[in-house]
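Here is a short set of exercises to work through with the model open beside you. Try each task before reading its solution.

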Amino acid sequence: MPHPNAQTTPAVRVQFGSSIRKTIADEVRRLGASQALVLSTPEQNDAAFEMAELLGPLAAGVFCKAEMHTPVRVTEAAMAHVNETKADCVVAIGGGSTIGLGKAIAYRSDLPQITIPTTYAGSEATPILGQTENGEKTTLSHPSVLPEVILYDPELVTSLPLPMTVTSALNAMAHAAEALYATNRTGETTAMAIDGLRAFSEELPEVLVNPTDLAAREATQRGAWACGTVLGQVGMSLHHKLCHTLGGSFDLPHAQTHAIILPHAIAYNARSARDELQPICDLLGGENAGLALHAFAQKLNAPLALKELGLKESDLNRAAELATTKPYPNPHPVTRSDIRLLLQAAWSGDQPIP
Ligand code: NAD
């Protein structure tokens with residue numbers, strides 16, 4: 001019988017380094033594949049075409065239509081491409097949107113995936129797939145969804161605009177912050193979460209001073225891997241629930257929403273999980289993890305108010321209702337009235353309520 005704290009972590013090949021993307025042909029061969037379909041968003045088609053060039057005869061084609069929240073209609077168009085080109089693996093180069101498309105293909109076809117992340121969202125390290133259809137976002141977890149190979153090439157994140165660098169980093173930190181109080185956490189997941197938080201708290205200010213500093217960029221990618229890995233290993237709570245609701249039902253952008261909600265959700269949970277959240281205070285200073293994250297976000301010029309993302313104040317009642325209909329594990333009791341207060345502060349851009 002497995003130990004109750006055992007982690008199920010299937011073997012994933014993870015490589016870091018400048019220009020590591022250029023080993024892509026070897027990685028495809030290592031999987032025993034010979035026809036790779038390269039995926040990207042329309043905005044990153046240059047990166048996808050570079051991959052196809054590096055792959056030469058191993059490239060089955062390029063599909064550059066990935067969209068945020070993995071719409072099923074896009075996946076179906078990509079699956080038609082997979083079948084036409086007889087692709088035997090996918091290469092996803094981009095952020096969580098492109099990696100989500102690769103996962104959606106793998107879920108339907110069991111094709112192996114090589115992911116080359118260009119943001120810090122962390123999706124490449126999880127067996128989780130979120131998909132949208134008819135305006136509804138659903139999430140599943142399945143072993144076929146976890147990518148086989150991750151290549152972290154710091155040269156690729158140097159092009160990430162600074163505002164997106166900041167919000168994507170806070171998105172990653174949110175996985176680690178919630179891992180600190182997850183009911184199924186272990187000593188190992190906590191250590192990894194702290195490593196991830198440390199990487200961003202120490203290296204992100206360096207990256208903002210010099211966005212092309214490859215050593216600092218690589219350190220933040222190591223942080224993204226640690227944060228993504230714990231996201232895949234332990235359960236998430238209030239913060240992720242709120243962001244899922246705001247993204248899925250109000251179409252708010254993923255990374256920015258995470259960045260704004262994080263200090264508020266953590267201040268809320270610090271009421272009952274002060275000790276578990278202490279590592280955040282140790283890294284960022286201060287006595288309340290939520291307020292410390294708020295000050296950190298302010299220092300980085302992160303967006304602070306949901307109203308800046310276009311959410312209407314009149315939507316807050318419905319958001320509070322949607323986020324509290326189904327119970328889920330959370331350190332501090334979740335009530336609709338308290339969540340409504342949290343959302344009001346996050347909407348206005350006020351300090352989190354301790
Ligand atoms: P994204 O992939 O949507 O990227 C946002 C935009 O930035 C896109 O236009 C993209 O092409 C561009 N971009 C990305 N990297 C760039 C770079 N280095 N240089 C220039 N432009 C670049 O953003 P994201 O925040 O990484 O991903 C969000 C999506 O990922 C959401 O759909 C979310 O649900 C999903 N996600 C899933 C998981 C999971 O475990 N399933 C985890 C985190 C995020």
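**Exercise 1. A serine in a loop**

In which loop does Ser 123 lie?

Step 1. Ser 123 sits in the loop between strand S5 (113-117) and strand S6 (128-133); helices (H or I, at least four residues) and strands (E, at least two) are DSSP runs, numbered from the N terminus.

Step 2. The relative accessible area of Ser 123 is 17%, so the residue is buried. Here buried means under 20% relative accessible area, exposed over 50%, and partly exposed in between (1.4 Å probe, protein chains only).

Step 3. Leaving aside neighbours within four places in sequence, Ser 123 is in contact with Gly 96, Ile 99 and Lys 103, where contact means heavy atoms within 4.5 Å.

Before going on, please note that this is a predicted model: local features need pLDDT of at least 70, side-chain atom pairs count only at pLDDT 80 or more, and totals for chains, interfaces and linings use all residues. Residues are numbered from 1 along each chain as its sequence is written, and side-chain values use heavy atoms, with hydrogens and water left out.

**Exercise 2. Two domains and their interface**

Describe how domain 1 and domain 2 meet.

Step 1. Begin with the bounds, which come from an automatic or database domain assignment: domain 1 covers 6-156 and domain 2 covers 162-348. Their C-alpha centres lie 25 Å apart.

Step 2. Now take the interface: 25 residues of domain 1 are in contact with 31 residues of domain 2. About 2,200 Å² is buried between the domains, 60% of it on carbon and sulfur atoms; buried area is the accessible area (1.4 Å probe) that two parts lose on being put together, summed over both.

Step 3. On the side of domain 1 that touches domain 2, the elements giving two or more residues are strand S1 (13-16), strand S7 (136-141), strand S8 (149-152) and helix H5 (154-157).

Step 4. The count of salt bridges between the two domains is 0, a salt bridge being a side-chain nitrogen of Lys or Arg within 4 Å of a carboxyl oxygen of Asp or Glu.

**Exercise 3. Following the salt bridges**

Which parts of the chain do the salt bridges of Glu 27 and Asp 153 link?

Step 1. The structure holds 10 salt bridges. In one of them, the side chains of Glu 27 and Arg 13 meet at 2.9 Å, N to O. This pair joins helix H1 (residues 24-30), home of Glu 27, to strand S1, home of Arg 13, 14 residues apart.

Step 2. Compare the two partners: Glu 27 counts as buried because its relative accessibility is 2%, while Arg 13, at 26%, counts as partly exposed.

Step 3. Asp 153 and Arg 21 also meet in a salt bridge (2.8 Å, N to O). Asp 153 is in the loop between S8 and H5 and Arg 21 in the loop between S1 and H1, 132 residues apart. Both Asp 153 and Arg 21 are buried.

Step 4. Finally, widen the view: a network of salt bridges links Arg 21, Glu 50, Asp 153 and Glu 155.

**Exercise 4. A positive phi**

Is Asp 110 buried or exposed?

Step 1. Find Asp 110 in the loop between helix H4 (96-109) and S5. Its phi is near 65 degrees, a positive value in a residue other than glycine.

Step 2. The relative accessibility of Asp 110 is 57%, so Asp 110 counts as exposed.
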